[in-house]
Amino acid sequence: MKYALVTGGSRGIGRAVCVKLARMGYFVIINFVSNQTEAEKTLSMVKEAGSDGELLKFDVSSTEESAKALEAWQAAHPDDYIEVLVNNAGIRKDNLMLWMDQDDWYKVLNTGLSAFYNVTKPLLKAMVLKKYGRIINMASLSGLKGLPGQTNYSAAKGGLIAATKALAQEVAKKRVTVNAVAPGFINTDMVEGLDIKALSSQIPAGRFGEPEEVAALVGFLASPEASYINGEVISINGGLYT
């Protein structure tokens, strides 16, 4: 049995990634923090895709909670390890820096960047010892370009990109790859409140992307065929920013 963990897997891009990995034959561990109903829906879709999975509730922004949940999972599966990790969880708390609350700064950074450390570190040793692993980090156009009103989100995703490049060099000799995917505007609840028509007119492709298109890229990076791709940040934004 091959295991994959997707953080923030209950909705949007995370859900699409769970389904994609299920179709690739992975037993999918679906992390969520609050919306169990949506997480259970994702699990049903994983099963419909021909595989199986389980829910693993913990707050990725908490070092202690993440470690406790992952240690408990490993203790229950002493002969197994999670070979694919998709650090997908993230939140937006948009505002101009001038009016940004301190809590909104730290909540976004802790969920989008600190969570990379909280979840990756407990799983990394097994990947290195087994000499195989795939770590895929969900970055963003915001982390490459910077977007006004998203200083916190841009900081989190920019930091995640830098961490991706650094860790990739640390573990490459152990056949563990670390890459990032940087979506632009994707049709999920993360774009609620945005002017889709106006923004689509600025995108060369003329539309927002779909979660399944991002998941297809994640699936490739998780596959053995992507073994020579490491430390990369791959944009998927319809040509909006290259």
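Visitor: At what angle do helix 4 (residues 102–130) and helix 6 (residues 151–171) pack, and how far apart are their axes?

Guide: Two packed helices are described by the angle between their axes and the distance between the axes. In this predicted model, helix 4 and helix 6 pack at about 15°, and their axes lie 8 Å apart. Angles under 35 degrees count as roughly parallel, and these two helices are therefore roughly parallel to each other. The crossing of helix 4 past helix 6 is right-handed.

Visitor: Which residues of helix 4 and helix 6 make the contact?

Guide: From helix 4, they include Trp105, Leu109, Gly112, Phe116 and Leu124. Among those from helix 6 are Tyr153, Ala156, Gly159, Leu160 and Val171. Sorted by class, the contact has 14 nonpolar, five polar and one charged residues.

Visitor: Now the sheet. What is the order of its strands?

Guide: The sheet is open, with seven strands in the order 3-2-1-4-5-6-7 and parallel pairing. Strand 3 (53–57) and strand 7 (233–236) are at the edges with a single partner strand each, so one side of each has no neighbour in the sheet. On average, neighbouring strands are turned by 20° against each other, direction ignored.

Visitor: How many bridges join strand 4 to strand 5?

Guide: Four bridges join strand 4 (residues 82–87) to strand 5 (residues 133–138), and the two run parallel. One residue pair to look for is Leu85 with its bridge partner Ile135 in strand 5.

Visitor: Which strands does helix 3 lie across?

Guide: Helix 3 (residues 63–76) lies across strand 1 (2–6), strand 2 (26–32), strand 3 and strand 4. Its direction is at about 145° to strand 3.

Key:
Residues numbered from 1 in each chain as written. Predicted model: local features only at pLDDT ≥ 70, side-chain atom pairs only at ≥ 80, totals over all residues. Heavy atoms only, no water. Pairing = 2+ DSSP bridges. Axes fitted to C-alpha atoms, helices over the stretch in contact; angles between N-to-C directions. Contact = heavy atoms within 4.5 Å. Parallel < 35°, antiparallel > 145°, perpendicular 65-115°, else oblique. Left-handed = near helix turned anticlockwise from the far one by under 90°. Nonpolar A, V, L, I, M, F, W, Y, C, P; charged D, E, K, R; others polar.
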